[in-house]
Amino acid sequence: MKNTTDIYVENGIRLFPIAGNTKVAIEGCKWKEMATNDAGEIGELIDQNHGCNIGAVIDEGLVVIDIDAKGYVHKHDGIQTFTDLIKQHGQPPATLTVRTP
């Protein structure tokens, strides 16, 4: 089974290490310069920064839709809201989808 990092790399998305359980680049990380879509380099960065997560650079032409489940961040159910939007506007195009914990 492929992991999320492999999926991003295969789709040319540049990654960089972020501090565990945050959305902040690891201390001292110049993420704009460090971000890469080379699987070997990403593996080394993860090995060098034990416990880190990965951040993705959203380059021109990419769109991210972040859907939070009810009670996670907000009192609203993002999944239901997205479902309602699909009912109103139709299915979005097929795309890379990643589910995170």
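I42 picks up contacts from several parts of the chain: leaving aside neighbours within four places in sequence, I42 touches T5, V9, L15, T36 and N37. Two of those partners, V9 and L15, turn up again with I42 in the largest nonpolar core. Bear in mind that this is a predicted model.

**Nonpolar core**
- The largest nonpolar core has five residues, namely Y8, V9, I13, L15 and I42.
- As a general backdrop, nonpolar side chains in soluble globular proteins tend to be buried together.

**Cysteines**
- The disulfide count here is zero.
- C29 is in no disulfide, and the nearest cysteine sulfur, belonging to C52, sits 9.5 Å away.
- Why does C52 go without a bond to C29? The closest cysteine sulfur to that of C52 is the one in C29, and at 9.5 Å it is too far for a bond, because a disulfide needs the two sulfur atoms within 2.5 Å.
- C29 is buried, with a relative accessible area of 12%.
- C52 is buried as well, with a relative accessible area of 15%.

**Helix α4**
- Helix α4 takes in residues 78–89, which makes 12 residues.
- How does its length check out? At 1.5 Å a residue α4 should span 16 Å, and its end C-alpha atoms are 16 Å apart, so the two agree.
- At the start of α4, a side-chain oxygen of D77 comes within 3.0 Å of the backbone nitrogen of I79.
- Just after α4 comes G90, with a positive phi of about 90 degrees.

Technical notes: Residues are numbered from 1 along each chain as its sequence is written. This is a predicted model: local features need pLDDT of at least 70, side-chain atom pairs count only at pLDDT 80 or more; totals for chains, interfaces and linings use all residues. Side-chain values use heavy atoms; hydrogens and water are left out. Buried means under 20% relative accessible area, exposed over 50%, partly exposed in between (1.4 Å probe, protein chains only). A nonpolar core is a set of buried Ala, Val, Leu, Ile, Met, Phe, Trp, Tyr and Cys residues joined through side-chain atoms within 4.5 Å. Contact means heavy atoms within 4.5 Å. Helices (H or I, at least four residues) and strands (E, at least two) are DSSP runs, numbered from the N terminus. The expected span of a helix is 1.5 Å times one less than its number of residues. A polar contact is a pair of N or O atoms within 3.5 Å; within protein, one must be able to donate a hydrogen and the other to accept it, and residues adjacent in sequence count only if both atoms are side-chain atoms.
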